[in-house]
Amino acid sequence: MSNETATRRPVVRSGVASAVVPGLGQFLLGERYRGVGILLGFLVILATVIWYGKPLWYASPILIWLWNVWDAISLAGGRARSILLPLFFGLAAAYGIGWQVVEIDFSKANMDRALAILRPMTRPDFIQPRREVNQMWVPVQVPCSSQPPAARREDAGRVATVIPDCGGVGETLIVNVTGMWANAETSIFWQNPIGNPLMLGEGEISMLTLTTDESGSLTTTIRVPSTALVAAPDPTLPQFHRVYFEQYRPAGGYELSFIGGEVLKGALATISMALMATGLAMLFAVPLSFLAARNLMSGNPVTYAVYVIVRTLLNILRSIESLIIAIIFVVIVGLGPFAGMLALALHSVAALGKLYSEVIEGIDPGPIEAVRATGANWLQVVRYAVIPQIIPPFTAFTIYRWDINVRSATVIGLVGGGGIGYLLIELIRVNNMRGVSAVFIAIAFIVIVLDYVSAKLRERLV
Amino acid sequence: MLKIQNLSKTYPNGTQALKNVSFDVKDGEFLVVIGLSGSGKSTLLRCINRLIEPTEGKIFWDDVDITAAPPAELRRIRRKIGMVFQQFNLVKRSSVMTNVLSGRLGYVNPWTSLLGIWAQEDKQRALQALDRVGIADKAYSRADALSGGQQQRVGIARALMQDPKLILADEPVASLDPVLSHSILQYLEGLNKEGITVICSLHFLDLVHRYATRVVALKDGVKVFEGSAKEIDRAKFKEIYGEEAQEVRAASL
């Protein structure tokens, strides 16, 4: 009887204790970590559901609380309950709240808009059919002088004329061209004296396009564009403008499109950016890494203090995403690859400094003592026992960093850091999805090739 | 003649590795140092070429005080003392050839050696040294591509490059199996017969009996025995090694 009360008392006491403060019963029974863990877990879940404020989720801390009392009672009897159950209650609440906070709503997906973007992306603007151009122009004076020269030009069997020979803004002119390709679509546009093209179509916002007859001639009327003299220093001074005729036809084969050329330039800029950044970072990281190597610096309090400071700085620097650093450098040195390069370099100094210092910390002291024992001097020891041990991993880490930097460089372009990323954001802004798709392909290609090359190189080094 | 007088070593953390150890080593001896791990064997060997600076005491080698040698002279002394290590201490990523050539660093022009340029004569010598330990065909392999026994032979070839008068061997066979142990020690024995003094620390009683011309035993940094190998019987061995002696002997079979 007395035996029974002796075992019953801690059972009741633990149950009550845990009912008042979750985990207290377990704590008093000597299971300190369990007790504290239960209390903390309970409080975190409770705080979360109170903050979120949806009554449904109050079930979770209540169930955990009930389990905690049950566990305390069982523990007093010598048997702990599995923590899988409260873990499940906690995770159910966490994921349930997470689902609602993230506003997951698949009905929002708009397939029409998606297709409008994706369809042009199936035709990346990288190459285009090669074409021939047949271009002809004729000068015309605007405004008229007292004796305007004839508005007529002959070139390679083609003749273009304007009647009359000159005109003021808004006046009608008759243009004629002969000797062009027959039955071919021909664009006609105006060019002012400083070389800017002006449209001649409806409302001066569209290209005037006509087709030549079977003899390769066409005649039409145009109006001198209203903006023809906008750029002129003195609108009363007669100057020569030009009327252009342009025809295109396929020439067989393919060539790089304008966007394609830009993509290549951007890719080159991005790879160079990463290369320069990695090189620059290496120059700074090598000396820093020696200062950040514990085994070299723990000798006396001064060097140890240097070690702690350098390590802390590297850690802080490394924790700032290069994207953020890039935004700062864009402000300092302006838009372009230089800003991106500096950002990548700064972040890489920290990353490489840490990796290098770990290499130095991990070198085998055996060869050092063996080479010292041969009577070698300090420099010879470094050359024959230290350098052979650190060069291959240093090189491997540097290549790896370059690989990472190329990827980061594409993203850094998005915030104005130049290279292919900058091209990408520009193309997205003007809704050129064919160009965007060309950029995607280029990025994927670069990353895959680089990944392979860097892995192969590192494999040979380590 | 190597004279060790009242040698003591206390590490900065307060560990006393050697306590007032004195003994002489005559030229041409194969002196074996025995004792438990931590008894001070490694410290003793490293004090002789001052890889570890002794706290007190003196070491004379042919009447030159090694312990008082300034750095340049110390390097000249070291180049005549070859050293072989338990863990071989090769630069794993370098070629066998480079590892062996590094034994010559005390002799060559420091500046050309920094550029990695070696005289044809030194390369020839390295190949001869490798040939002597039977692995000339491995000269251009990476050191870590070799087996343990082969790596230790590279270690011996490196020591040979120093044209040594004395070889310090710090448990040269503790990382090898018994068969390989004999082959390595036979190389050292061969060198000893050519007149090179050998100081070698060993663990196994039968190896001690087989190779030692004289034995010094250390226990907790104190010299507890000095004499011929024959005087070391099982009882003595057990006294030096404590109760673990049985196991050690069994393992050596």
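This report walks through one helix of chain B and a few backbone features of chains A and B. The model is predicted, so please read every value below as computed from it.

**A helix with two sides**

Let us begin with helix H5 of chain B, which runs over residues 120–132. How far apart are the end C-alpha atoms of its 13 residues? They are 18 Å apart, and this agrees with the 18 Å expected at 1.5 Å a residue.

Next, look at which residues of this helix are hidden. Asp122(B), Ala126(B), Ala129(B) and Leu130(B) are the buried residues of H5(B). Because they cover an arc of only 95 degrees around the axis, they sit on the same side of H5(B). An α-helix has 3.6 residues a turn, so residues three or four places apart point the same way.

The other side of H5(B) is where Gln120(B), Glu121(B), Gln128(B) and Asp131(B) are exposed. As for the buried residues, what covers them includes two helices of chain B: helix H3 (96–101) and helix H6 (148–161). If you follow the chain just past H5(B), you meet Gly134(B), which takes a positive phi of about 80 degrees.

**Two cis peptide bonds in chain A**

Chain A offers some backbone details to find. Two cis peptide bonds are set out here, each leading into a proline.

| Cis peptide bond | Omega | Loop that holds the proline |
|---|---|---|
| Val142(A) to Pro143(A) | near -15 degrees | between strand E1 (127–142) and strand E2 (152–155) of chain A |
| Ile163(A) to Pro164(A) | near -10 degrees | between strand E3 (158–163) and strand E4 (172–178) of chain A |

**Positive phi without glycine**

Which residue in the loop between E2 and E3 of chain A is worth a look? That is the place of Ala156(A), a residue that has a positive phi of about 50 degrees although it is not a glycine. Ala156(A) counts as exposed because its relative accessibility is 69%, and exposed means over 50%.

Chain B has a residue of this kind too. Asp163(B) is not a glycine, yet its phi is positive, near 50 degrees. You can find Asp163(B) in the loop between H6 and strand E7 (166–169) of chain B. Helix H6 has already appeared above, as part of what covers the buried residues of H5(B). Is Asp163(B) buried, partly exposed or exposed? With a relative accessibility of 40%, Asp163(B) counts as partly exposed, since that class lies between the 20% and 50% limits.

How values were computed. Residues numbered from 1 in each chain as written. Chains lettered and ligands numbered in written order. Predicted model: local features only at pLDDT ≥ 70, side-chain atom pairs only at ≥ 80, totals over all residues. Heavy atoms only, no water. Helix = DSSP H or I, 4+ residues; strand = E, 2+ residues; numbered from the N terminus. Expected span 1.5 Å × (residues − 1). Buried < 20%, exposed > 50% of the residue type's maximum accessible area, 1.4 Å probe, protein only. Arc of directions from axis to C-beta. Contact = heavy atoms within 4.5 Å.
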